[in-house]
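Open the model in a viewer and switch to a cartoon view. This tour goes from one selection to the next and says what is found at each stop.

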Amino acid sequence: MGELKALALGSYTEVKYHPFAGVDRVFEELLGGELQVQSTEDYSLLSKDSLSEYKLVIAYTEFSDHKIPPEQSGGLLSYVASGGGLLVVHNGISLQRNQELGVMLGAYFTHHPAYTSLQMTVPATGQPIMEGITDFVMEDEPYYFDMQPHFETTILAEYPHGGAMRPAAWCHEFGQGRVVYLMPGHHLASFSVEPFRKMIKRGGLWAAGLL
């Protein structure tokens, strides 16, 4: 285990659709060579003081109608803007329930049609996260997004659905920090798809400034 630390946030007890148990171990396994991953459902660790220990925050946070308290959303915003890394996977887009975090994520999740087979294509040649990753197929939920206006982000992967190409992964800098969003990850089976596993590892390392 490296001495550098990552904080992975998900839900073990208040689970609606996406249990963190099992998925947490995937993050720990994939990033464990470079980052010691601490998995938790304790949002209070998003305070400015707590976050100073970590190179990376991984969000697999469950959808909720309750906003994150300002000291926690502000802590995460400040952390990323000051040079921290944020890797958001699938339902982690639920951080958008605080509008300030939604802006940082670069897009707003609107809905998803039924779980299906998705043909992922990789338009972002030359981006370090996607090095060695070519087009692939996986089954998952096709999330639909409204991308934030006046906001530059790099699309890492996309898929055709409903008569249009839809973004499936993207990355951008936010202040001095970096943000990566990966759409797949509905259930544990999603995390056995090798190209997606590479995207998690390389996306996490890029966000943490280690790639």
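The stops below cover the sheet, two helices that lie across it, and the nonpolar core.

**The whole sheet.** Bear in mind that this is a predicted model. Begin with the open sheet, which has seven strands in the order 2-1-3-4-11-10-9 and mixed pairing. Its edges are strand 2 (36-40) and strand 9 (154-161), each of which pairs on one side only. Ignoring direction, neighbouring strands of the sheet are turned against each other by 15 degrees on average.

**Strand 3.** Next select residues 56-59, which form strand 3. Are its faces covered or open? Both are covered: Leu56 and Ile58 are buried on one side, and Val57 and Ala59 are buried on the other. In a regular strand the side chains alternate between the two faces of the sheet.

**The partners of strand 3.** Add strand 1 (residues 5-9), which pairs with strand 3 in the parallel sense over four bridges. Here alanine 8 has isoleucine 58 as its bridge partner. Then add strand 4 (residues 85-89), which runs parallel to strand 3 and is joined to it by four bridges. Alanine 59 stands opposite valine 88 of strand 4. To get from strand 3 to strand 4, the chain passes through helix 3 (residues 70-81), and this β-α-β crossover is right-handed.

**The strand 9 edge.** Select strand 9 together with strand 10 (residues 164-174); the two run antiparallel and are joined by seven bridges. Tyrosine 159 has arginine 166 in strand 10 as its bridge partner.

**Two helices across the sheet.** Show helix 1 (residues 23-31), which lies across strands 1, 2, 3 and 4 and runs at about 170 degrees to strand 2. Then show helix 5, which lies across strands 3, 4, 9, 10 and 11. The angle between helix 5 and strand 11 (177-182) is about 165 degrees.

**The core.** Finish with the side chains of the largest nonpolar core, which has 72 residues. In soluble globular proteins, nonpolar side chains tend to be buried together. Which members touch the most others? They are Phe27 and Leu76. Helix 5 (residues 194-207) gives the most to this core, with six residues. Now centre the view on leucine 76. Leaving aside neighbours within four places in sequence, leucine 76 is in contact with Leu46, Leu51, Val57, Leu86, Leu95, Leu101 and Met104. Val57 was also a stop in strand 3, where it is buried.

Definitions and conventions
Residues are numbered from 1 along each chain as its sequence is written. This is a predicted model: local features need pLDDT of at least 70, side-chain atom pairs count only at pLDDT 80 or more; totals for chains, interfaces and linings use all residues. Side-chain values use heavy atoms; hydrogens and water are left out. A nonpolar core is a set of buried Ala, Val, Leu, Ile, Met, Phe, Trp, Tyr and Cys residues joined through side-chain atoms within 4.5 Å. Buried means under 20% relative accessible area, exposed over 50%, partly exposed in between (1.4 Å probe, protein chains only). Contact means heavy atoms within 4.5 Å. Two strands pair if DSSP finds at least two bridges between them. A crossover is right-handed if, with the strands pointing away from the viewer, the path from the first strand over the helix to the second runs clockwise. Axes are lines fitted to C-alpha atoms, for helices over the stretch in contact, and angles run from 0 to 180 degrees between N-to-C directions.
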